[in-house]
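Good morning, and thank you for coming. I would like to take the group through one structure, with attention to helix packing, internal space and backbone geometry. Please have the sequence and the coordinates open while I speak.

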Amino acid sequence: MTTSAFVTEATEPDFYHVRTKHKGILAWVLSTDHKRIGILYLVTMAFFFLTAVLLGLLMRLEMLTPGKTIVEPQAYNTFFTLHGIMMIFLFIIPGLPAVFGNFMMPILIGAKDVFFPRLNLLSWWLFLIGGILALVSVFLPGGAADTGWTFYVPYSVRTTTNVLPALLAAFTLGFSSILTGLNFITTIHRMRAPGMSWFRMPLFVWSLYATAWIQVLATPIVGITLLLVSLERLFGVGIFDPALGGDPVLYQHLFWIYSHPAVYIMILPGLGVVSEILPVFARRTIFGYKFIAYSSLAIAFVGSLVWAHHMFTVGMSNTGVFVFSFLTFLVSIPSAIKVFNWIATLYKGSIEVEVPLLFILSFIAQFCIGGFTGLMLGTLAINIHVQDTYFVVGHFHYVMFGGTGFGLFAAMHYWYPKMFGRMYKKGPAVLSWLLLTIGFNVLYFPFFVMGYLGMPRRYYDYLPEFQTSHQISTLGSWILIVGLVIMIANLLISLRKGRRAEANPWGGETLEWKVPSPPPLENFHEIPVITTGPYDYSKYERVVQEAK
Amino acid sequence: MTSGAAAVAQGHGHRDDVGAKLGMWLFLFTELILFGGMFIVYAVYRFSHPTEFHVAATELDTLVGTINTIILLTSSLTVAMSITAIQKGNKWLSFTLVGFTVMLALAFLVNKYFEWGHKFEVGLYPGSAILLNKPPGEILYFGLYYVMTGLHALHVIIGVVVLAGMMMFIAKDKITRHSYVRLEAGGLYWHLVDIIWIFLFPLFYLLH
């Protein structure tokens, strides 16, 4: 994509092997290099992810039979609370932006680092402290929080469990997220390489940009809301306590003013990863670049105005309910634009089936199911029927795990050679993809059926007629976990045993593939000059044309 | 910190004050939205309990509020003057002016301390028997009063720390007439603290 020469001197050491001021672990936890910080995030995030996966697995095991299977009801309550808090605040929200955004975004725009490197390190430290707080809340006397990740009042004010450390954890993680967003916006505005105009930016960067704005604009609201709940618990201020005149529904509004846009913080980078990876393996210029870029911003904007669709049953005015339902439907337009453009990109491409593409294909299918069930939930009549059932749980797992989770796995397999300088084995990777996809669908598809038949979410017990569905679902969780173990084992073993990766193993055209794998400390010897768009596959397209 | 990254951290080889200020403004947005959440809560409850808010507001001492407003406005002036001073290369004048700002901020806090202390003496604090006997609107009013002015006071304290850091930077020549973006950022933060008070003051002290 550029004309100027890229200096890929083999003599320059990669960022793992540069001389550092501190030694050992300090060379990592005090580093301001965006690549090292990205890897720090990857390691810490993987730890919290696996903890939350384990909790999810235990929950599925508990639901194998009605009544008690392995744990008591109170333990189940803390399981789903911690599963939610960890998956959302410690895995999905930081997942793609903090790991791959940190590592790749500066390289993708031709910069040597992010704009505020020290602030970047501070974000990671806040992330770590927040994660530790969340873990500590489990082991303090009083027991782990049992409110669900939404911390709904008045229960979150009344329960005697350790809600306070959990609230503090979420607050700290929110602060970390804000700082990352602020850093990314400034970096994208000020540090693009010469010639890298807005519409020559890779689409992953566009999605990070839209995400960063939501992080900056929405997170403070949840910050103040969680702070208010803390003060309510500590001093009985009365703002959310109905006994003192406060209004619990106001809490729900404030919570979802952040937490719905947060859903887009979670999914937008995933959509960006799809747009980034598809053209590489379709060997085609992405279809409708500008539409995809703008649709990210449109999702970020409209997505900020739909929060009350989580609250259709709290007794809002009919006008309010109609407006929020209508706006919810609007979000489907930019989302559908993306899906159509992806399909159009694949059409008549010279498709090369590699592992990242497989994960992306699962993403698109699962995201569509998640999206369509989202439309059903936005429909007022259906929403009353399925509110707070497994249908909702199925919906957001299809979007969050089936979408963003698989997007993250795709990104992992796509950028792995660049990040670690090794190739993973293709066979086990394909097997893990297959098991993950099958396991995922067997696990979560029955949720739709159960939810539609009336199985309420967060219940410890269930009626006998739901048992078959619950057992199929639990079986799915076992398939999923096998796939996950194979995937992680393959990636870990390849760190040492994998063959060395060349600079550009996939034939990508974006900037990260023009620097060595792994990249040197300052990424570019000389800042590149950009002359074309990011996905220039015209040479392949010409070949296809001539073949006809 | 790697040696190269340290160089990067110093300003990516070239300085970009515009970008640094962009980052600061984004941070200020997040602060505004943080308080925005509180203002929404205030608006909702004022709308649902107008007369009780009215009655409760008469308990507040307008004179103390006015004095604190004057103190904060003056402190915004001194911090702005300190930037002009450093631009003209007058290091110690700039240092003194930031010092003035810190003194004024401390005066604000002392005032606030006595104001809150008085409220506690007459039994107007969350959870007190006297307050719990009042109608819900007044309980909410004082709940909001403590949370919002308390959160603001916390920002004043952070501001004092930031400004003290600026004094240190000026003394050590880290802030000079050629490189004063840090002082500008610190000043911006202090103006934010000021402007939030400009909204808190009428909402609590004057609307009755």
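Let me begin with a convention: a crossing is called left-handed if the near helix is turned anticlockwise from the far one by less than a right angle, and right-handed if it is turned clockwise. Please also bear in mind throughout that this is a predicted model.

With that convention in place, consider helices α3 and α8 of chain A. α3(A) passes α8(A) in a crossing that is left-handed. Their axes come within 10 Å, and the crossing angle is roughly 40 degrees. Angles under 35 degrees count as roughly parallel and those from 65 to 115 as roughly perpendicular, and α3(A) and α8(A) are therefore oblique to each other. On the α3(A) side, the residues that meet α8(A) are Ile88(A), Phe89(A), Ile92(A), Ile93(A), Leu96(A), Pro97(A) and Leu108(A). Facing them from α8(A) are Tyr258(A), Ala262(A), Ile265(A), Met266(A), Pro269(A), Gly270(A), Val273(A) and Glu276(A). Sorted by class, this contact of α3(A) with α8(A) holds 13 nonpolar residues, one polar and one charged.

α3(A) also packs against α7(A). Here the axes come within 10 Å and cross at roughly 125 degrees. α3(A) and α7(A) are therefore likewise oblique to each other, and α3(A) passes α7(A) in a left-handed crossing. From α3(A), the contact draws on Leu96(A), Pro97(A), Phe100(A), Gly101(A), Met105(A) and Leu108(A); from α7(A), on Phe204(A), Val205(A), Leu208(A) and Thr211(A). Eight of these residues are nonpolar and two are polar, with no charged residue in the contact of α3(A) with α7(A). I would draw your attention to Leu96(A), Pro97(A) and Leu108(A), which take part in the contact with α7(A) and also in the contact with α8(A).

The third pair is α8(A), residues 248–282, with α10(A), residues 318–346. The axes of these two helices come within 9 Å and cross at roughly 15 degrees. That angle makes α8(A) roughly parallel to α10(A). Their crossing is again left-handed. α8(A) contributes Tyr264(A), Leu271(A), Val274(A), Ser275(A), Leu278(A), Pro279(A) and Ala282(A), and these meet Val331(A), Lys338(A), Trp342(A), Thr345(A) and Leu346(A) of α10(A). The contact of α8(A) with α10(A) comprises nine nonpolar, two polar and one charged residues.

I turn now to internal space. How many cavities of 30 Å³ or more does a search of the whole structure find? There are four, and the largest cavity encloses about 140 Å³. Its lining consists of 18 residues, with Ile93(A), Pro94(A), Leu173(A), Ser176(A) and Ser177(A) nearest the centre. Ile93(A), as we saw, also belongs to the contact of α3(A) with α8(A). Which helix gives the most to the lining of the largest cavity? It is α6(A), with six residues. α3 (73–108), α6 (163–190) and α7 (203–235) of chain A each supply at least two residues of this lining. In terms of class, the lining has twelve nonpolar and six polar residues, and no charged ones.

Next, the backbone. Most residues other than glycine have a negative phi, and most peptide bonds are trans. The loop between α4 and α5 of chain A contains Phe151(A), a residue with a positive phi of about 50 degrees although it is not a glycine. That loop, between α4 (117–139) and α5 (155–158), also holds Pro154(A), and a cis peptide bond with omega of about 0 degrees joins Val153(A) to Pro154(A). Another cis peptide bond links Ser517(A) and Pro518(A), with omega of about -15 degrees. Pro518(A) sits in the loop between α15 (467–497) and α16 (538–547) of chain A.

Finally, a word on chain B. Its secondary structure amounts to eight helices and zero strands. The C-alpha trace of chain B spans about 65 × 30 × 25 Å along its principal axes.

Thank you; I am glad to take questions.

Conventions. Residues are numbered from 1 along each chain as its sequence is written. Chains are lettered from A and ligands numbered from 1 in the order in which they are written. This is a predicted model: local features need pLDDT of at least 70, side-chain atom pairs count only at pLDDT 80 or more; totals for chains, interfaces and linings use all residues. Side-chain values use heavy atoms; hydrogens and water are left out. On a 1 Å grid over the protein atoms alone, a cavity is a set of points where a 1.4 Å probe fits but cannot get out, and a pocket is an open set with protein on both sides within 12 Å along at least five of seven lines; lining residues have an atom within 4 Å of a point. Grid points are joined across faces, edges and corners, and a volume is the space filled by probe spheres set on the points. Helices (H or I, at least four residues) and strands (E, at least two) are DSSP runs, numbered from the N terminus. Ala, Val, Leu, Ile, Met, Phe, Trp, Tyr, Cys and Pro count as nonpolar, Asp, Glu, Lys and Arg as charged, and the others, Gly among them, as polar. Axes are lines fitted to C-alpha atoms, for helices over the stretch in contact, and angles run from 0 to 180 degrees between N-to-C directions. Angles under 35 degrees count as roughly parallel, over 145 as roughly antiparallel, 65 to 115 as roughly perpendicular and the rest as oblique. Contact means heavy atoms within 4.5 Å.
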